[in-house]
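Here are a few exercises to work through with the viewer open. Try each one yourself before you read the solution.

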Amino acid sequence: MNNHPVVYVVSDSVGETAELVVKAAASQFNGSNIEIRRIPYVEDIGTVNEVIDQAKETNGLIAFTLVVPEIKEKLEKEAYKANIPVYDILSPMMHLLESRFNKTPRNEPGVMHTLDEDYFRKVEAIEFAVKYDDGRDPRGVLRADVVLIGVSRTSKTPLSQYLAHKRLKVANIPLVPEVDPPSEIFEIPSNKVIGLTISPEKLNTIRTERLRALGLKEEANYANVNRIQSELDYSNKIMEKIGCKVIDVSHKAVEETANIIYHLYQKSK
């Protein structure tokens, strides 16, 4: 059983609305180490049963935005039988509007985003960031709006996701001395590439904490000061060769760095 609360966000669409509500509520308790597990596109009873089983196992809570009556009723019924706290986010507001407008709701999942082009651009950008994260497929470099490069633990992945929510397609490439970077990063305009650098001291602290969290020895080569300096020297040479903008993330929050990158992108257009 988890030592911190787990909230299962269940939706017959993406689940973004429910997750935002849960996060907003959790912020009033300083987050309280709440873990949110989003279960999107729930369209069958089998998935409902799986969610109930998971919530029972973790002593979790369930918040949902389901509009298909039979799926919604099944979830509420099974949650009640399993003594799992459950919260219906949409229905109270829908009932209020139904009585005011004297109309019956459509009860169709995903209606809010059906014609929302901006929403689909956002989803596409998020999927792009996942697909081309950490240099998995260098072909993404050629299709990206922005390419982030840097050594491990310079926030490339969270920055990619943050910028995806601003509708930018972002690929990121780790720079490691033993591995040649993909040739694609030298083929695209340098203003599409953003180098991320960090002080050796800060990187040592971050990597040491990472090793500790993984239960590994802190003196591992990953956090060795000489190794870190070697990686940074190598990454600086690559960035100089490309001629790209470089941002020092040593003392910047992800949001701050993301906003700088976003403005650089807007300026380059």
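**Exercise 1.** Among contacts in the protein between residues at least 6 apart in sequence, what percentage join residues at least 24 apart?

*Solution.* Keep in mind that this is a predicted model.
- Step 1: Set aside every contact between residues that are not at least 6 apart in sequence.
- Step 2: Of the contacts that remain, 75% join residues at least 24 apart.
- Step 3: For the setting, the protein has ten helices and eight strands, and its C-alpha trace spans about 65 × 45 × 30 Å along the principal axes.

**Exercise 2.** Describe the surface and the charges of the protein.

*Solution.*
- Step 1: Of the 269 residues, 39% are buried.
- Step 2: The exposed area comes to about 15,600 Å², with carbon and sulfur atoms supplying 51% of it.
- Step 3: There are 35 positive and 39 negative charges, and the mean positions of the two sets lie 3 Å apart.

**Exercise 3.** Which residues have the most contacts inside the largest nonpolar core?

*Solution.*
- Step 1: This core holds 18 residues, and the ones with the most contacts inside it are Val146, Leu148, Ile194, Leu196 and Ile261.
- Step 2: Two or more core residues come from each of β5 (146–150), α7 (156–164), β7 (193–197), α9 (225–242) and α10 (254–268). The biggest share is that of α10, with three residues.
- Step 3: Now look at Ile261. Beyond its neighbours within four places in sequence, Ile261 touches Val146, Leu148, Leu159, Leu163, Ile194 and Ile247.
- Step 4: As background, nonpolar side chains in soluble globular proteins tend to be buried together.

**Exercise 4.** How many aromatic pairs does a search of the whole structure find?

*Solution.*
- Step 1: The search gives one pair.
- Step 2: Its partners are Phe128 and Tyr132, with 4.5 Å centre to centre and 55° between the planes.
- Step 3: Planes under 30 degrees apart would count as stacked and over 60 as edge-to-face, and the Phe128–Tyr132 pair is classed as tilted.
- Step 4: Both Phe128 and Tyr132 are buried.

**Exercise 5.** Where in the structure is Tyr41 placed, and is Asn59 buried or exposed?

*Solution.*
- Step 1: Tyr41 sits in the loop between β2 (35–39) and α2 (45–58). Its phi is near 50°, a positive value in a residue other than glycine.
- Step 2: Asn59 lies in the loop between α2 and β3 (61–65). Phi of Asn59 is also positive, near 55°.
- Step 3: Asn59 counts as exposed because its relative accessibility is 53%, and the cut-off for exposed is over 50%.

Key: Residues are numbered from 1 along each chain as its sequence is written. This is a predicted model: local features need pLDDT of at least 70, side-chain atom pairs count only at pLDDT 80 or more; totals for chains, interfaces and linings use all residues. Side-chain values use heavy atoms; hydrogens and water are left out. Helices (H or I, at least four residues) and strands (E, at least two) are DSSP runs, numbered from the N terminus. Buried means under 20% relative accessible area, exposed over 50%, partly exposed in between (1.4 Å probe, protein chains only). Contact means heavy atoms within 4.5 Å. Accessible areas come from the Shrake-Rupley method with a 1.4 Å probe; for residues, only the protein chains shown count as cover. Lys and Arg count as positive and Asp and Glu as negative; His and the chain ends are not counted. The place of a charge is taken as NZ of Lys, CZ of Arg, CG of Asp or CD of Glu. A nonpolar core is a set of buried Ala, Val, Leu, Ile, Met, Phe, Trp, Tyr and Cys residues joined through side-chain atoms within 4.5 Å. Rings of Phe, Tyr and Trp (its six-membered ring) pair if their centres lie within 6.5 Å; planes under 30 degrees apart count as stacked, over 60 as edge-to-face and the rest as tilted.
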